[in-house]
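Me: I would like to learn how to read the local features of a model such as this one, taking them one at a time. Could we go through it together, with the general idea before each case?

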Amino acid sequence: MAQGAAEPAAHKAGFTPPAEREIPAGPMGDVIRQGEQIFLHTAANAKGFVGNSLNCVNCHLDAGRRPDSAPLWGAYVSYPAYRSKTKEVDTFASRLRGCFMYSMNGKAPPEGGPVLVALESYAYWLAKGAPTGEKLPGAGYPKVPKPPQAPDIERGRAVFAAQCALCHGADGQGQRAGDTQVYPPLWGARSFNWGAGMAGVDKAAGFIKANMPFSKANTLTDQEAWDVAQFMDAQERPQDPRFDGNIASTRKKFHDSEYSLYGQTVNGKLLGQGTPAARR
């Protein structure tokens, strides 16, 4: 799930965000740029709130602009909204806080603090002129129809080896250049935790189908996208921060879905035990 600037022709956006060069001068522009830098280099610019090696841009491509990769311009205008995950009406700020807890496997920045204010300002600017209260084409991740065959881990392993390992490594841990994570880890201690949306096979399949392999978006079949998502999400990762001390009851409360492998036994191993803390 690597970042990039090019937008494949297959993506159809319902809105075009402003270009980076249009960020205004002055105090507001300064905070917008700060938000952009947090988005692109999250651990470096939001210290203390990130617990893995991911940056926001890994799952929201082209600096949060690219359609079909949950672009910021589509998210900002969708809140406040009721979410089944939290069972309450979330604001955009609370949605961002959840990203830090789950996708970044870290701690939620305080509401009104500089990190959230900067990210909200960047999202607000990207959504300038977008209509509110409606789902724009290209917002979120697309839904991929269920494939003819049930998703299969071994088929997914073959897809991963052929299409994904070049960037993400045979072990799924991505690639680093010094202290910079060039391509993100997809499982293990440095990846997103069990509470993240990408840990749901259906959501992962949608992102993968629309955006991966990075330079060849929309070239995998629906079956391949589901299979490789099943393989990726069948790997152990950090514990869900909502863990109540019991995997079975945590699954019942938070992962009772056909698309979650948390609490399931795969190849003789119970998933959901978590991983040791990552060393930065």
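Reply: Let us begin with burial, since much of what follows leans on it: a residue counts as buried when its relative accessible area is under 20%, as exposed when it is over 50%, and as partly exposed in between. Please keep in mind throughout that this is a predicted model. Tryptophan 73, with a relative accessible area of 0%, is therefore buried, and phenylalanine 15, at 12%, is buried as well.

Me: How many aromatic pairs are there by the rule for ring centres, and how are the rings of phenylalanine 15 and tryptophan 73 placed?

Reply: In general, a pair of aromatic rings is described by the distance of the centres and the angle of the planes. Here the count comes to 13 aromatic pairs. In the pair formed by phenylalanine 15 and tryptophan 73, the centres are 5.6 Å apart and the planes stand at 55°, so the pair is tilted. This pair links distant parts of the chain, for phenylalanine 15 belongs to the segment before helix H1 (27-40) and tryptophan 73 to helix H4 (residues 72-76), 58 residues apart.

A second case is edge-to-face: the rings of tyrosine 76 and phenylalanine 92 lie 5.2 Å centre to centre, with 75° between the planes. It also links distant parts of the chain, with tyrosine 76 in helix H4 and phenylalanine 92 in helix H5 (residues 92-101), 16 residues apart. Tyrosine 76 is partly exposed at 28% relative accessibility, whereas phenylalanine 92 is buried at 7%. Both of these residues belong to one aromatic cluster, which is made up of Tyr76, Tyr79, Phe92 and Tyr124.

Me: Which ring does the charged end of lysine 85 sit over?

Reply: The charged end of lysine 85 sits over the ring of tyrosine 102, at 3.9 Å from the ring centre. In another such arrangement, the charged end of arginine 237 sits over the ring of tryptophan 194, 5.7 Å from its centre.

Me: What should I look for in the backbone itself?

Reply: Most residues other than glycine have a negative phi, and most peptide bonds are trans. Against that background, the peptide bond from tyrosine 79 to proline 80 is cis, with omega near 5°, and proline 80 is found in the loop between H4 and strand E1 (81-83). The bond from methionine 212 to proline 213 is also cis, with omega near -10°, and proline 213 is placed in the loop between helix H8 (201-211) and helix H9 (222-233). As for phi, alanine 63 has a positive value near 60° and lies in helix H3 (residues 61-64), while alanine 70 has a positive value near 50° and is found in the loop between H3 and H4. Alanine 63 is buried at 10% relative accessible area, and alanine 70 is buried at 16%.

Me: How many residues of H8 are buried, and what do they pack against?

Reply: Nine of the eleven residues of H8 are buried, so this helix is largely enclosed by the rest of the structure. Among them are Phe207, Ile208 and Lys209, and the buried residues of H8 pack against H3 and H9.

Me: Where are the two residues of the salt bridge between glutamate 258 and lysine 146 placed along the chain?

Reply: Side chains of opposite charge can pair when their charged atoms come close. The structure holds seven salt bridges, one of which joins glutamate 258 to lysine 146, with the closest N and O atoms 3.1 Å apart. Glutamate 258 lies in the loop between helix H10 (247-254) and strand E5 (265-266), and lysine 146 in the loop between helix H6 (114-126) and helix H7 (153-168), so the pair ties together parts that are 112 residues apart in sequence. Both glutamate 258 and lysine 146 are exposed.

By contrast in setting, arginine 242 forms a salt bridge with aspartate 240, the closest N and O atoms being 2.8 Å apart; arginine 242 is buried at 19% relative accessibility, and aspartate 240 is buried at 1%.

Me: Which side chain of opposite charge is nearest to glutamate 36?

Reply: The nearest is arginine 65, 4.4 Å away, and glutamate 36 is buried yet has no salt bridge, since such a bridge calls for nitrogen and oxygen within 4 Å. Glutamate 36 lies in helix H1, and, leaving aside its neighbours within four places in sequence, it is in contact with Glu20, Ile23, Arg65 and Tyr122.

Conventions. Residues are numbered from 1 along each chain as its sequence is written. This is a predicted model: local features need pLDDT of at least 70, side-chain atom pairs count only at pLDDT 80 or more; totals for chains, interfaces and linings use all residues. Side-chain values use heavy atoms; hydrogens and water are left out. Rings of Phe, Tyr and Trp (its six-membered ring) pair if their centres lie within 6.5 Å; planes under 30 degrees apart count as stacked, over 60 as edge-to-face and the rest as tilted. Helices (H or I, at least four residues) and strands (E, at least two) are DSSP runs, numbered from the N terminus. Buried means under 20% relative accessible area, exposed over 50%, partly exposed in between (1.4 Å probe, protein chains only). A charge sits over a ring if NZ of Lys or CZ of Arg is within 6 Å of the ring centre and within 35 degrees of the ring normal. Lys and Arg count as positive and Asp and Glu as negative; His and the chain ends are not counted. Contact means heavy atoms within 4.5 Å.
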